[in-house]
Amino acid sequence: MVIGSGAGGGTVAQELAPLVRDGVRVLVLEKGPRFADDDFTGRELEMADALYQDGGAFLTRDGTMTLAFASAYGGSTVVYTGTSLTAPARVIHAWDVPGIDHADLQARSAKYTEQNNVHLLDETLINDNNRLFVVGGRNAGYYVEQFPVNVKGCRGSSLCNLGCPNQAKQGTNRVQLPRAASHPTGRWTSASRSDPPGRKALRQSGRRATTGCKRTSSWSPVGP
Ligand SMILES: Cc1cc2nc3c(=O)[nH]c(=O)nc-3n(C[C@H](O)[C@H](O)[C@H](O)COP(=O)(O)OP(=O)(O)OC[C@H]3O[C@@H](n4cnc5c(N)ncnc54)[C@H](O)[C@@H]3O)c2cc1C
């Protein structure tokens, strides 16, 4: 059973899916809703409430910090910026976790880099803000380089953190989860739950999310 369908859970779901052929049963449970493409309105207040846990202001127990993370089919990959980096060797060495080897990690990362269409943006797509940032950084003596991002058909709407309205960002909701579900014996189902208060905005605005937002989703193999 995989709990959560974000970067971690969605990827694990994809990797486990082929085992279904051998009779293994795999279940992904996601407490957040599954959004339809046209649910992503780009309107900050309604999307923050709809996508993020506690509207993006989840407070730590001691009240000293707020954390932003999504609760949806695809988890925070629906709202992340798409910057896709592989942890460098110095970080992995500093972690010193038994079983995590940098060369191995890099090889695995290369697979998802390709799957999720991670690449550097064409120069023509770099906006003036970023051009100035590069010039300023270099003039100040810093080494400046572009972050690779996982987008396909980006239209520069700058709405990554509200869920891409152009279906450009390649999170687990667009790549790994559909692959898992496309397995011949897999399928996604939805289960109703009560509508969290934060999701009412979309319902009241009459968007299609009305029904989608009332559902959690799960993936499981069909079989014995
Ligand atoms: C605004 C924002 C921008 C970001 N930008 C970047 C970026 O550019 N590059 C980058 O590398 N990282 C970025 N991140 C971080 C990245 O998104 C996370 O590190 C990553 O998604 C974490 O993966 P995860 O699987 O641990 O959790 P998540 O992707 O958050 O997924 C967890 C899922 O589990 C579900 N869940 C939790 N509890 C339960 C339960 N009990 N039952 C069922 N389901 C449950 C949640 O609803 C959620 O959908 C960003 C994050 C945010 C919020």
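**Fold, core and ligand shell of the predicted chain**

The chain has eight helices and eight strands. These elements are DSSP runs, numbered from the N terminus: helices are H or I over at least four residues, and strands are E over at least two. This is a predicted model, in which local features need pLDDT of at least 70, side-chain atom pairs count only at pLDDT 80 or more, and totals for chains, interfaces and linings use all residues. Residues are numbered from 1 along each chain as its sequence is written.

Confidence was examined through pLDDT, the predictor's confidence in each residue, from 0 to 100. The mean pLDDT of the chain is 86, and 83% of its residues reach 70 or more. Strand β5 (residues 118-119) has the highest confidence, at 98, while helix α8 (residues 209-212) has the lowest, at a mean of 34. Over residues 194-198 the pLDDT stays under 50, and the model has six contacts beyond four places in sequence for them. A contact here joins two residues whose C-beta atoms, placed from the backbone, lie within 7 Å. Residues 200-215 also have pLDDT below 50; this stretch has 40 contacts in the model beyond near neighbours in sequence. Where pLDDT is low, the predicted coordinates should not be read in detail.

Burial was assigned from counts of C-beta atoms placed from the backbone: a residue is buried if 20 or more others lie within 10 Å of its own, exposed if 12 or fewer, and partly exposed in between. Buried residues make up 31% of the 224 residues in the chain. Among contacts between residues at least 6 apart in sequence, 71% join residues at least 24 apart.

The largest nonpolar core has 26 residues. A core of this kind is a set of buried Ala, Val, Leu, Ile, Met, Phe, Trp, Tyr and Cys residues joined through C-beta atoms within 7 Å. Ala13, Met47, Leu51, Ala70, Ala72 and Val79 touch the most other members. Helices α2 (44-51) and α6 (176-181) each supply at least two residues of this core. The largest share, four residues, comes from α2. In soluble globular proteins, nonpolar side chains tend to be buried together. Leaving aside neighbours within four places in sequence, Ala72 is in contact with Gly32, Pro33, Phe35, Leu51 and Val78.

The ligand is surrounded by 25 residues, of which Gly4, Gly6, Gly8, Gly75 and Thr81 come nearest. A residue is near the ligand if its C-beta atom, placed from the backbone, lies within 6 Å of it. By class, the shell has nine nonpolar, 14 polar and two charged residues. For this count, Ala, Val, Leu, Ile, Met, Phe, Trp, Tyr, Cys and Pro are nonpolar, Asp, Glu, Lys and Arg are charged, and the others, Gly among them, are polar. Helix α1 (7-16) and strand β2 (28-30) each supply at least two shell residues. Helix α1 gives the most, with three.

Tyr80 is found in the loop between β4 (66-67) and α3 (89-95). Tyr80 counts as partly exposed because it has 19 C-beta neighbours inside 10 Å. Tyr80 and Cys160 are 80 residues apart in sequence, but their C-alpha atoms are 6.5 Å apart in space.

Helix α4 (102-115) follows a loop that begins after α3. At 1.5 Å a residue, the 14 residues of α4 should span 20 Å, and its end C-alpha atoms are 20 Å apart, which agrees. The expected span is 1.5 Å times one less than the number of residues. The number of buried residues in α4 is zero, so this helix lies largely in the open.

Helix α5 (residues 128-139) holds Val134 and Asn130. Val134 is partly exposed, with 15 C-beta neighbours inside 10 Å. Asn130 is also partly exposed, with 13 other C-beta atoms within 10 Å. Val134 and Val144, ten residues apart in sequence, are 6.1 Å apart, C-alpha to C-alpha. The C-alpha atoms of Asn130 and Gln146, 16 residues apart along the chain, are separated by 9.3 Å.

Backbone angles were also examined. Most residues other than glycine have a negative phi, and most peptide bonds are trans. Asp96, in the loop between α3 and α4, has a positive phi near 55°. Asp96 is exposed, with 7 other C-beta atoms within 10 Å. Ser158 has a positive phi of about 60° and lies in the loop between β6 (149-150) and α6. Ser158 counts as exposed, with 11 C-beta neighbours inside 10 Å. Asn117, just after α4, takes a positive phi of about 55°.
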